[in-house]
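Let's take a friendly walk through this fold together. Have the viewer open and follow along.

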Amino acid sequence: MSVTFREARREDVPAVVAMLADDMLGQGRESDDLAPYYAAFDAMAEEGGNRVIVGERGGKVVATYQLTFISGLSLAAARRAQVESVRVSSALRGQGVGQLMFADAEARARAAGCSLIQLTMNAERVDSRRFYEGLGFVASHLGFKKYL
């Protein structure tokens, strides 16, 4: 499977949002109104260490993830890469695109000087947990969220 990963462009926002909405959790929490997504994309572009990455196959966006670089003092001042909003087109799930995506994320993290790559996932995503563990991720922490 050949997929090329690149930083997303503003015109990719509708395809990214469609993938975010095309799963068991996203269908109930994403919106048809693209205006807030464009505003968020623009804000992320100005933040510098916050990127949306897309995977393309045959000129079509088929995968996406958000990558944020975080500098910190703990772990001997380790720089971290936070991965969020991971999606693969439903037509291509189970075909190795996710593995290619995480190889891309890890390469970008290493190039940015990160010594740690981390992510959170919704506990309802049982298949995702197996996938991440298969990539070498360890469920070492318990995460908490509080909506404001």
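The report below covers the sheet, a helix packed on it, two backbone angles and a group of aromatic rings.

## The sheet

Please keep in mind that this is a predicted model. Its 5 strands make up an open sheet, arranged in the order 1-2-3-4-5 with mixed pairing. Strand 1 (4-7) and strand 5 (116-119) are the edge strands; each has a single partner strand, so one side of each lacks a neighbour in the sheet. On average, neighbouring strands here are turned by 30° against each other, direction ignored.

Inside the sheet, strand 3 (residues 60-71) pairs with strand 4 (residues 79-88) in the antiparallel sense, and 8 bridges join the two. If you would like a residue to start from, pick Ile-70: its bridge partner in strand 4 is Arg-80.

## A helix across the strands

Helix 4 (residues 97-111) lies across strand 1, strand 2 (50-57), strand 3, strand 4 and strand 5. Relative to strand 3, helix 4 runs at about 30°.

## Two positive phi angles

Two residues deserve a look on your Ramachandran plot. Ala-76 has a phi near 60°, a positive value in a residue other than glycine. Ala-76 sits in helix 3 (residues 74-77), and it counts as exposed because its relative accessibility is 78%, over the 50% cut-off.

Ser-85 also has a positive phi, about 50°, although it is not a glycine. Ser-85 belongs to strand 4, the strand that pairs with strand 3. With a relative accessibility of 33%, Ser-85 counts as partly exposed.

## Aromatic rings

How many aromatic pairs does the model contain? The count comes to 5. One of them joins Phe-102 and Phe-131 in an edge-to-face arrangement, with 5.9 Å centre to centre and 65° between the planes. This pair links distant parts of the chain: Phe-102 is in helix 4 and Phe-131 in helix 5 (residues 126-134), 29 residues apart. Is Phe-102 buried or exposed? Phe-102 counts as buried at 6% relative accessibility, whereas Phe-131, at 28%, counts as partly exposed.

Tyr-132 and Phe-137 form another pair. Their ring centres are 6.0 Å apart and their planes stand at 70°, over the 60 degrees required, so this pair is edge-to-face as well. Tyr-132 is buried, at a relative accessible area of 9%, and Phe-137 is buried too, at 19%. Ring pairs connect Phe-102, Phe-131, Tyr-132 and Phe-137 into a cluster, and through Phe-102 this cluster includes a residue of helix 4.

Key:
Residues are numbered from 1 along each chain as its sequence is written. This is a predicted model: local features need pLDDT of at least 70, side-chain atom pairs count only at pLDDT 80 or more; totals for chains, interfaces and linings use all residues. Side-chain values use heavy atoms; hydrogens and water are left out. Two strands pair if DSSP finds at least two bridges between them. Helices (H or I, at least four residues) and strands (E, at least two) are DSSP runs, numbered from the N terminus. Axes are lines fitted to C-alpha atoms, for helices over the stretch in contact, and angles run from 0 to 180 degrees between N-to-C directions. Contact means heavy atoms within 4.5 Å. Buried means under 20% relative accessible area, exposed over 50%, partly exposed in between (1.4 Å probe, protein chains only). Rings of Phe, Tyr and Trp (its six-membered ring) pair if their centres lie within 6.5 Å; planes under 30 degrees apart count as stacked, over 60 as edge-to-face and the rest as tilted.
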